[in-house]
Structure formats: C-alpha cells, structure tokens
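Work through these exercises with the model open in your viewer. Try each task before you read its solution.

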Amino acid sequence: MDDSFDLTLRTAVYRHFAATGRAPTLEAMRAVVGATSDEVQGGYRRLYAKRMLVPTADFASIRMAPPFSGIPTQHRATVSGTEYFANCAWDAFGVVAALGGTGDVFSRCEHTLEPLALHLTPAGPLPSGWLFHCVVPAAKWWNDIVFT
Amino acid sequence: MLFFRSEETLNDWCTATEHPRRPTATLPQLWQMAVAWYSNRLSPQARRPDANEIRQIFARIGLTDAFWDPQADKF
C-alpha cells in the first residue's frame, strides 16, 4: 500500500465522521476503500505514525481523528443538526471550524462544572471571561496525545 | 485541554489537582487556533502545520510564550 491508499483512507475516515458524528467501523472503511481488514489496519498504523489520527488499541476503529473523537467526551459540538464529540476544548471549536464555521459548542468549566454553551459563527465567539488552558506544553502534545 | 469559567476557577483547579498553571488563551484566540488547524481538515490536501508554521500561527494570535513553541525545551 502506498501514500495514495493512505490518503484515500484518511479522507474516508474524515468524511465518515463529518457525515455521521461517529467513528467508522472497520467494515465500513473496507467497503469504502475496497481493501482488506489488514490493509485498512495497516493504513491506520501509518496514519498514526504521521500524527493524522489515533486508532483504537485493536486498530479496528478510530479513537481520534482530530478534531473528531471516536468516543463520547464532555466536549460536544452540533453542526447542521448532527452532534459530534471532540477530543478537547480546542477540538470542540475545531469541529465547528472544520464543518464550515457555524455551530454550537457544549462543554463545561473543569473546576466548577458550570456548563458552557456557545453559538459560533465564522466571526468567532464574543469576548468573555472563559479561558482555555492546557497542562501539556506544545512541544510534548504528541508524547501522549490522548492525555493532552 | 480544558475550559475554565475564569482565572479564579482555573487557579483553584490547579491548586486542587496539583497541575501546573500554564499560559491561557481567550476564547477568541482559541477560535483562531481552531480555524488555523482545522478549517481545511476535511480536504485531501490537509496536513499538520510544521514547527515554523505552528510558531507563526501562535504568534499571529498573540501566543508567544515558550509554552506554545513546538520545539521548546524549557518545559
């Protein structure tokens, strides 16, 4: 398999997330790209090495295709009636940015658990007291991207 | 990567959880980060920005602390 296959696979994964809000099954990706399970899983390994996505531990599905999350999280976005899970606060905004720039973000203050609900447009959010904070410095984000 | 209601709630969380207090971004800055990273992510031509591009993105947004440098060894 070559770079062309990996590009086709990556595009298919992202299109699936965008269309459904959920991670694709191995069977779905096999059907879309016309490949065997081993070939799809090999593609997932290479795309992980390129930091394009994070497969599940068994390489049968996708844990993270940033900004999309393959599992439910506290960071959600709704765009055109479809609900998406995001990997983190940044990715909640990222889902809306990836899908055209207009949508709603739902999350919370990590300390008080106060809900955050924002309607985003291409102009971005209005200034507020809410903050974005990351414990891990940029140089180490991919040392453990799931924790980051 | 988390949201906090205010500087006070962030500081309280860092104290309670013993996590280090890092530089923050406002939500308008976070939106600019999201657009820079993800607005073309569904395109087959999408790729991660390289280190220099990451620095330029953060600098343009006003995030110039070494914390945001993808190759910094300060932290």
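**Exercise 1. Sort the residues of β4(A) into a covered face and an uncovered face.**

Step 1. This is a predicted model, so treat each position as a prediction.
Step 2. Recall the rule: in a regular strand, side chains alternate between the two faces of the sheet.
Step 3. Apply it to β4(A). Ala77(A) and Val79(A) form the covered face. Arg76(A) and Thr78(A) form the uncovered face.

**Exercise 2. Find the strand that β4(A) pairs with over 4 bridges, and name the bridge partner of Thr78(A).**

Step 1. Locate β4(A), residues 76–79. The strand paired with β4(A) over 4 bridges is β5(A), in the antiparallel sense.
Step 2. Start from the uncovered face, which includes Thr78(A). The bridge partner of Thr78(A) in β5(A) is Glu83(A).
Step 3. Now take the covered face, which includes Ala77(A). Ala77(A) stands opposite Tyr84(A) in β5(A).
Step 4. Inspect the turn. The hairpin of β4(A) and β5(A) has 2 residues between the strands. There, Ser80(A) takes a positive phi near 50 degrees.

**Exercise 3. Identify the strand joined to β4(A) by 3 bridges, then work out the strand order of the sheet.**

Step 1. The strand joined to β4(A) by 3 bridges is β6(A), residues 103–108. The two run antiparallel.
Step 2. Return to Ala77(A). In β6(A), Val105(A) stands opposite Ala77(A).
Step 3. Put the strands in order: β5-β4-β6-β7 of chain A. This is an open sheet of 4 strands with antiparallel pairing.
Step 4. Mark the edges. They are β5 (82–85) and β7 (115–120) of chain A, and each pairs on one side only.
Step 5. Add the twist. Neighbouring strands of this sheet are turned by 20 degrees against each other on average, direction ignored.

**Exercise 4. Place the domains of chain A and describe their contact.**

Step 1. The domain assignment gives domain 1 as 3–65 and domain 2 as 76–143 of chain A.
Step 2. Take the centres over C-alpha atoms. Those of domain 1 and domain 2 of chain A are separated by 24 Å.
Step 3. Look at the contact. Domain 1 of chain A contributes 4 residues, and domain 2 of chain A contributes 6 residues.
Step 4. Classify the domain 1 side that touches domain 2 in chain A. It has 2 nonpolar, 1 polar and 1 charged residues.

**Exercise 5. Decide whether chain A is compact or spread out.**

Step 1. List the elements. Chain A has 4 helices and 8 strands. From the N terminus they run α-α-α-β-β-β-β-β-α-β-β-β.
Step 2. Compare the radius of gyration with the globule rule. Chain A has 16 Å, close to the 15 Å that the rule gives for 148 residues, so chain A is as compact as a globular protein of that length.
Step 3. Add the box. The C-alpha atoms of chain A fill roughly 50 × 35 × 25 Å along the principal axes.
Step 4. Check burial. Of the 148 residues of chain A, 39% count as buried.

**Exercise 6. Do the same for chain B: compact or spread out?**

Step 1. Chain B has 3 helices and 2 strands. Along the sequence the pattern is β-α-β-α-α.
Step 2. The radius of gyration of chain B is 14 Å, well over the 11 Å that the globule rule gives for 75 residues, so chain B is more spread out than a compact globule.
Step 3. The C-alpha atoms of chain B fill a box of roughly 45 × 25 × 20 Å along the principal axes.
Step 4. Of the 75 residues of chain B, 28% count as buried.

**Exercise 7. Describe the contact of chain A with chain B, and find which element of chain B gives the most.**

Step 1. The contact takes 38 residues from chain B and 38 residues from chain A.
Step 2. On the chain B side, the elements that give two or more residues are β1 (2–4), α1 (7–17), β2 (24–26) and α2 (27–38). Of chain B's elements, α2(B) gives the most, with 9 residues.
Step 3. Sort the chain B side by class. It has 24 nonpolar, 7 polar and 7 charged residues.
Step 4. Look for strand pairing across the chains. β8 (residues 131–133) of chain A is joined to β1(B) by 3 bridges, and they run antiparallel. Here Leu131(A) has Phe4(B) as its bridge partner.

Technical notes: Residues are numbered from 1 along each chain as its sequence is written. Chains are lettered from A and ligands numbered from 1 in the order in which they are written. This is a predicted model: local features need pLDDT of at least 70, side-chain atom pairs count only at pLDDT 80 or more; totals for chains, interfaces and linings use all residues. Two strands pair if DSSP finds at least two bridges between them. Axes are lines fitted to C-alpha atoms, for helices over the stretch in contact, and angles run from 0 to 180 degrees between N-to-C directions. Two residues are in contact if their C-beta atoms, placed from the backbone, lie within 7 Å. Ala, Val, Leu, Ile, Met, Phe, Trp, Tyr, Cys and Pro count as nonpolar, Asp, Glu, Lys and Arg as charged, and the others, Gly among them, as polar. Domain bounds come from an automatic or database domain assignment. A residue is buried if 20 or more other C-beta atoms lie within 10 Å of its own, exposed if 12 or fewer, and partly exposed in between; C-beta atoms are placed from the backbone. The radius of gyration is taken over C-alpha atoms; the globule rule is 2.2 Å times the number of residues to the power 0.38.
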